[in-house]
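Work through the two exercises below with the structure open. Try each task before reading its solution.

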Amino acid sequence: MYKKLFLIFLSVMLLTSCADRKEIDDYAYVIAAGIDEAENGKYKFTVSLANVNSIGETKEEKGGNMSSVTAVATDFYTALDIINNNVSKKINLSHTKLIVFSSAVARSGIKSFTDSFVRELKIRPGTIVAVSENCEDYLKNLNPMLEINPEKYFKEIFETDNTNYAVRSYLSDFFYATNGAPETVVLPVLGVMGKDVENSDYENNDYGENDFGVDKVPISAKNRAIVSGTAYFSGDKMIAQGTLKENIFHLLLTKSAKKTAYSARYGDEQVAVLISEFKKPEIKVLCKENPKICLRLFIDCEAVYIPDEVSKNLKGEKLEKFIEEDIKKNIVRYLDKTASYLKTDTENFSKCARKRFLTQKAWNEYNWGEKYKNSTFDVGVKVNIVRPGVLGE
């Protein structure tokens, strides 16, 4: 009798233990989320969901590995509930790799959103934060190439050395910068090929033949979604957008650049070098009436494109000197823009400046935020051409 009761009890326990079990494909995994403005104080939330049934297939199925759904609501979590009424699976945020804000939302301030996402334990602090002119448009034009797993696509684009122009800004960075940390955040700008987007806010911003604004990146591909520039912030509000060349200068100054091509015009010709190695910049800040910021950059390059006529004039050290002067000129121009136009310490020189004050009170009284607008820059660049190739006789 007791044996029969025990077997019945054991069977019931085994059955009930599996009652709440869910398989991987029972969830709808949000890989990316976008936030655009809508009418009447609401927002348009777009989520890109991974099609887990097609991940791992040897060939791309019709419809791809991602699907986008958009809902309008006052907040992100209400929008998820609305989306769940359309999607047969339970929404899961644990694999979210990207959160992108529209330019309009970013200009109004995004602290309330980022604080909310940080409080959501399933969204990881290492989630990439970015800006796009139209988030819904960007996500619906996203068609990852060479990657079957869409989560890996975002990892390869933003977290490895495979892409040269993308700045890296995570949810945790933005949270700390807007909650008391003395830092300024720069976010990547994401665009769609062939779309007219917001002007980068200042007209004479060309740093050479191969510098492009966020609406003029010359590329054609099946995946129409691209990294197209830089978004500058003051606090939690975007104040301007920059160009591809400015990405390079920012990455060099913050010691986060990757192996990157750099081109300069010599007369009617173009000279191209490949920045292969670079040391951490030497930075010294003199906190006088107006700050004086001294920088020394040390860069190793490979000469990869030098026309014959140019090589006759730029032999040996002459080529190094030419590249040094061009990089120096453009970096000074970029830094002057951050001070006089943006009025924001985008490179976080304040970290060096703070060390010159003995107390927090003295630092606060110096008022770095106001002083930076009148900063002057002393930039030195040392270039070493490690493999100059044949430069002519």
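**Exercise 1.** In this predicted model, locate Thr-178 and decide whether Thr-178 is buried or exposed.

Solution.
1. Start with the position: Thr-178 sits in the loop that runs between helix H7 (171-177) and strand S7 (186-192).
2. Next, take the relative accessible area of Thr-178, which is 13%. Buried means under 20%, so Thr-178 counts as buried.
3. Look for polar partners of the side chain. A polar atom of the Thr-178 side chain lies 2.8 Å from the backbone oxygen of Phe-174. The side chain of Asn-179 also makes a polar contact with the side chain of Thr-178, at 3.5 Å.
4. Finally, set aside residues up to four places away in sequence: Thr-178 then touches Lys-111, Gly-235 and Asp-236.

**Exercise 2.** Describe the largest nonpolar core and find which residues touch the most other members.

Solution.
1. The largest nonpolar core has 46 residues, and those touching the most other members are Leu-295, Ile-299, Leu-335, Phe-349, Trp-368 and Phe-377.
2. Then ask which elements give two or more residues to this core. Among them are helix H8 (244-253), strand S13 (291-305), helix H10 (317-342) and strand S14 (376-387). H10 gives the most, with nine residues.
3. Take Trp-368 as one case. Leaving aside neighbours within four places in sequence, Trp-368 is in contact with residues including Val-285, Pro-291, Phe-349 and Trp-363.
4. Last, check for another core: a second, separate one of 36 residues includes Ile-35, Leu-93, Phe-113 and Phe-233.

Note on methods. Residues numbered from 1 in each chain as written. Predicted model: local features only at pLDDT ≥ 70, side-chain atom pairs only at ≥ 80, totals over all residues. Heavy atoms only, no water. Helix = DSSP H or I, 4+ residues; strand = E, 2+ residues; numbered from the N terminus. Buried < 20%, exposed > 50% of the residue type's maximum accessible area, 1.4 Å probe, protein only. Polar contact = N/O pair within 3.5 Å; in protein donor to acceptor, adjacent residues only side chain to side chain. Contact = heavy atoms within 4.5 Å. Core = buried A, V, L, I, M, F, W, Y, C linked by side-chain atoms within 4.5 Å.
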